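Subject: Structure for your review

Dear colleague,

Please find the structure below, handed over for your own work. A written account of what was found in it follows.

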Amino acid sequence: MALIKFTNRGIYCKQGNFYIDPWHPVDYAVTTHGHADHVKWGNKNYLCHDLTKPILKQRYGLEDNVQTLPYNKEIDINGVKLSLFPAGHVIGSSQIRLEYKGEICVVSGDYKVEYDGISTAFEPVKCHTFVSESTFGLPIYNWQPQELIFEQIKSWIADNCIKGKTSILVAYSLGKAQRLIKNLAGEYPIYVHNSIANLNEGFAEAGVELPQTIRITPEIKKDEMQKGIVIIPPALADGRWVKSLQQPAIGVCSGWMAVRAGRRWRSADAGFALSDHADWGGLLSAIKATEAEKVFVTHGSTAVFSKYLNEIGISSEEVTTKYGAEDDDEIIGEANENPLKEESK
């Protein structure tokens with residue numbers, strides 16, 4: 001019997017009687033990481049990595065029904081040996097390794113193979129069956145090293161300062177925003193939206209230190225922000241508040257910025273191809289390292305990527321899931337157009 005099954009509630013392990021990142025409420029959910037498309041409120045119990053728990057507390061108020069596990073520690077759930085391995089996607093992100101009667105399956109969630117300096121570095125896991133994302137599963141997506149991307153961002157910010165423009169960077173609140181904060185800290189003050197400031201508190205609770213930032217409040221004057229860096233989530237990029245800043249210059253940080261169509265997104269002034277997902281080469285290297293006999297491909301360019309895997313001799317099948325929206329939907333729901341309308345801490 002297969003160790004996992006794709007159901008209308010999510011990825012189900014019948015032998016262990018639990019789901020991995022279910023999209024409908026279940027009794028027991030094993031959570032790969034804290035992004036909205038992988039965590040749904042309403043499950044009776046959650047299991048996640050130690051570093052993910054403070055994120056679930058900040059975002060969803062989950063605490064008492066959350067069990068945690070460090071990387072590489074094995075537990076037994078109804079006879080299934082379960083352990084977590086680093087996925088390198090965001091803080092606490094985990095690949096879920098399942099073993100039952102000698103059969104090994106790994107559900108990777110979202111992952112990237114480049115070490116970002118904050119998330120625990122991705123670790124390949126050998127298995128018989130591997131479930132892989134394919135967000136950027138096209139050969140046109142090949143990331144430059146993040147050091148080069150950050151040099152581009154710093155140069156853009158310096159040019160904006162000379163021209164008297166306010167540098168606004170658009171990035172997901174969990175993961176991308178913290179990478180920006182860590183790598184851009186030092187020369188300019190960094191102002192962050194409430195959703196980012198709240199998550200930074202989750203990082204602190206998890207014991208992960210970040211450089212100092214300034215929460216955007218009504219007391220912060222716009223000419224102050226013009227002399228610094230402003231980081232906001234995607235839902236605010238086209239809002240009136242952004243347009244009210246002094247000569248706003250918007251830089252979008254996303255893997256989608258790697259292609260021309262992406263750079264046109266929301267008429268951004270600049271696009272920086274910075275992603276928390278693996279690129280084409282990263283996906284292939286990660287999958288080959290597993291030596292899996294069967295690969296299930298989920299959200300993203302599933303058809304193309306699965307077809308390519310079969311062509312190179314890796315048995316693959318595309319699977320429809322509800323992952324992939326990442327934080328957009330949630331941010332639209334939680335953020336006001338004007339961040340100053342939100343309650344400040």
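Are Glu291 and Lys126 buried or exposed? Both residues are exposed. Please note before reading further that the model is a predicted one.

Salt bridges

The pair just named belongs to the topic of charged side chains. Side chains of opposite charge can pair when their charged atoms come close. In this structure there are twelve salt bridges. Glu291 and Lys126 form one of them, with a distance of 2.9 Å from N to O. This pair connects distant parts of the chain, 165 residues apart: Glu291 sits in the loop between α8 (280–290) and β18 (294–300), and Lys126 in the loop between β10 (103–107) and β11 (129–134).

A salt bridge also joins Glu201 to Arg215, where the closest N and O atoms are 3.1 Å apart. Here too the link is between distant parts of the chain, with Glu201 in helix α4 (residues 194–205), Arg215 in strand β14 (residues 214–215) and their positions 14 residues apart. The two partners differ in exposure: Glu201 is partly exposed at a relative accessible area of 32%, whereas Arg215 is buried at 15%. The value for Arg215 counts as buried because it falls under 20% relative accessible area.

In the salt bridge of Glu63 with Lys57, the closest N and O atoms are 3.7 Å apart. Glu63 is partly exposed, its relative accessible area being 36%, and Lys57 is partly exposed as well, at 33%. In addition, a network of salt bridges links Lys112, Asp116, Arg179 and Asp276.

Aromatic pairs

A pair of aromatic rings is described by the distance of the centres and the angle of the planes. Searching the whole structure gives 14 aromatic pairs. In one of these, the ring centres of Tyr141 and Trp143 are 6.0 Å apart and the planes stand at 55 degrees, so the pair is classed as tilted. Tyr141 and Trp143 are both buried.

Trp156 and Phe272 make an edge-to-face pair, with 5.6 Å from centre to centre and 70 degrees between the planes. Trp156 belongs to helix α2 (residues 146–162) and Phe272 to strand β17 (residues 270–272), so the pair ties together parts that lie 116 residues apart in sequence. Trp156 is buried with a relative accessible area of 13%, and Phe272 is buried at 5% relative accessibility.

Tyr141 and Trp143 also appear in a wider grouping: together with Phe136 and Trp256 they form one aromatic cluster.

The sheet and its helices

Seven strands make up an open sheet with mixed pairing, in the order β7-β8-β9-β10-β11-β18-β19. The edges are taken by β7 (75–77) and β19 (316–318), each of which has a single partner strand, so one side of each lacks a neighbour in the sheet. From one strand to the next, the twist averages 25 degrees.

Within this sheet, β8 (residues 80–86) and β9 (residues 94–100) run antiparallel and are joined by six bridges. Leu84 stands opposite Ile96 in β9.

Two helices that pack on the sheet may be of interest. Helix α8 touches β11 and β18, and its direction makes about 175 degrees with that of β11. Helix α9 (residues 302–311) touches β11, β18 and β19, and its direction makes about 160 degrees with that of β18.

Backbone angles

Which residues have a positive phi without being a glycine? Asn17 is one of them, with a phi of about 60 degrees. Asn17 is placed in the loop between β2 (11–13) and β3 (18–20) and is partly exposed, with a relative accessible area of 49%. Asn78 has a positive phi of about 55 degrees. The loop between β7 and β8 holds Asn78, which is exposed at a relative accessible area of 54%.

Confidence

The chain has a mean pLDDT of 92, and 92% of its residues reach 70 or more. Over residues 328–345, however, pLDDT stays under 50, and for this stretch the model has 42 contacts beyond four places in sequence.

Yours sincerely

Notes:
Residues numbered from 1 in each chain as written. Predicted model: local features only at pLDDT ≥ 70, side-chain atom pairs only at ≥ 80, totals over all residues. Heavy atoms only, no water. Phe/Tyr/Trp six-rings, centres within 6.5 Å; stacked < 30°, edge-to-face > 60°. Buried < 20%, exposed > 50% of the residue type's maximum accessible area, 1.4 Å probe, protein only. Helix = DSSP H or I, 4+ residues; strand = E, 2+ residues; numbered from the N terminus. Salt bridge = Lys/Arg side-chain N within 4 Å of Asp/Glu carboxyl O. Pairing = 2+ DSSP bridges. Axes fitted to C-alpha atoms, helices over the stretch in contact; angles between N-to-C directions. Contact = heavy atoms within 4.5 Å. pLDDT = per-residue confidence, 0-100.
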